[in-house]
Amino acid sequence: MSSKKKSKRSGNKGNHAPRPRGFAGVRPDKGLGQNFLIDEEVIGTIVRESGVSKDTLVIEIGPGTGALTLPLAEAAGRVIAVELDENMIEGLRIKTFGMDNVEIIHQDILETDIKSLATEAMAEHGLTELRIIGNLPYYITTPIIMKLLESDTGAKSITVMMQKEVADRIAAEPGTRASGAITYPVHYHARVSEIAFVPRECFYPAPKVDSAVLRLDLRNEPAVCVKDEELMMRCIKAGFSMRRKTLLNSLTALGYQNKEILSKALDAAGIDPSRRAETLSLEEFAKLSDSLQEA
Ligand code: SAM
């Protein structure tokens, strides 16, 4: 999973909507997913629904021009905002000048050691919980979410804006037609709720798609018991790599030359080999993974 490094500035050609106040000198970079939130109501909903209090350390992903950073800093104990675009950094530092509970870090979130950063800041400032919040750069939505889930940050919740289509996929019940490979790891680690639908007009420049904000409340224990979590995730990935094919065929992506092993494992897990990945519940993927491990 590689992050998209800084692209050439693409400017604002083709978007003739008047620039809202506060955007002087800022040319949104499409290559970095820069669609800035300009709707105060949506900003208020995100801050309120994310569960932030004065005991909270917020790690904000992609602060941009600071639309969320400032109200988050008012509600939280401390905000560490991680922004990749160097051109945003000075503006952010000016906007947050004098606010001693805001720290701006110029870094790629995919290369940030969130756990160490949070542990140190929480100890130093006497904060008791971590919440991760962001209006995500959409080109790396999945890698960011997977990193946050897999890196054991200790966060209580993750509240993130993303493309509505992706939010629907993530919020879908595992085992339904709307589910996809990303649905399963998210539900394994968290309880999912949609806290806002956000029409495209709420951004500058307006993107071509609508958005939604999801809140993922991290579970203390994963949703199902499985012997080898990594193997289960590989089964899910393989199953959805060819989602129109039967499980017996799509699971060959795991690298088994001989379908006999797969067939036996599916049988032992009580799963019909002609089913498709999208019909399996999380429990069934766990059973399949456990029987494959024993095969
Ligand atoms: N939070 C702002 C808002 O709501 O208006 C900006 C959101 S904008 C959709 C996404 C932000 O993420 C941009 O400021 C962009 O520069 C930043 N970004 C893009 N890739 C990033 C990365 N790998 N790490 C950190 N920030 C990134």
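A residue is called buried when its relative accessible area is under 20%, exposed when it is over 50%, and partly exposed in between (1.4 Å probe, protein chains only). With that in hand, let us look around this predicted model, in which local features need pLDDT of at least 70 and side-chain atom pairs count only at pLDDT 80 or more, while totals for chains, interfaces and linings use all residues. Residues are numbered from 1 along each chain as its sequence is written, and side-chain values use heavy atoms, with hydrogens and water left out.

**Cysteines**

Cys202 makes a good start: its relative accessibility is 7%, so Cys202 counts as buried. Cys225 is exposed, at 75% relative accessible area. How many disulfides does the structure hold? There are zero, where a disulfide is a pair of cysteine sulfur atoms within 2.5 Å. Cys225 shows why a bond is missing there: the closest cysteine sulfur, in Cys235, is 16 Å from its own, too far for a bond.

**The sheet**

Helices (H or I, at least four residues) and strands (E, at least two) are DSSP runs, numbered from the N terminus. Two strands pair if DSSP finds at least two bridges between them. Here, seven strands make an open sheet with mixed pairing, and their order is β4-β3-β2-β5-β6-β9-β7. Which strands stand at the edges? They are β4 (102–106) and β7 (190–198); each has a single partner strand, so one side of each has no neighbour in the sheet. On average, neighbouring strands are turned by 20° against each other, direction ignored.

Inside the sheet, β2 (residues 56–61) and β3 (residues 78–83) run parallel and are joined by five bridges. Ile61 has Val82 of β3 standing opposite.

Two helices can be placed against these strands, using contact (heavy atoms within 4.5 Å) and axes, which are lines fitted to C-alpha atoms, for helices over the stretch in contact, with angles from 0 to 180 degrees between N-to-C directions. Helix α4 packs on the sheet and touches β2, β3, β4 and β5 (129–135), with its direction at about 145° to that of β2. Helix α5 lies across β2, β5, β6 and β9, and runs at about 170° to β6.

**Salt bridges**

Side chains of opposite charge can pair when their charged atoms come close. A salt bridge is a side-chain nitrogen of Lys or Arg within 4 Å of a carboxyl oxygen of Asp or Glu. The whole structure has 14 salt bridges, and the table includes some of them.

| Pair | Closest N to O distance |
|---|---|
| Asp152 and Lys115 | 3.3 Å |
| Asp168 and Lys164 | 2.8 Å |
| Lys227 and Glu294 | 2.5 Å |

Lys227 and Glu294 link distant parts of the chain, 67 residues apart: Lys227 is in the loop between β9 (211–218) and α8 (229–241), and Glu294 is in helix α11 (residues 282–294). Lys227 is exposed, at 52%, and Glu294 is exposed too, at 56% relative accessibility. Other salt bridges share partners, joining Glu129, Arg131 and Lys156 into one network.

Where do Asp168 and Lys164 sit? They are four residues apart in helix α6 (residues 164–171), so about one helical turn separates them. Asp168 is partly exposed at 36%, and Lys164 is partly exposed at 21%.

As for the pair Asp152 and Lys115, Asp152 is exposed at 52% relative accessibility, whereas Lys115 is partly exposed, with 38%.
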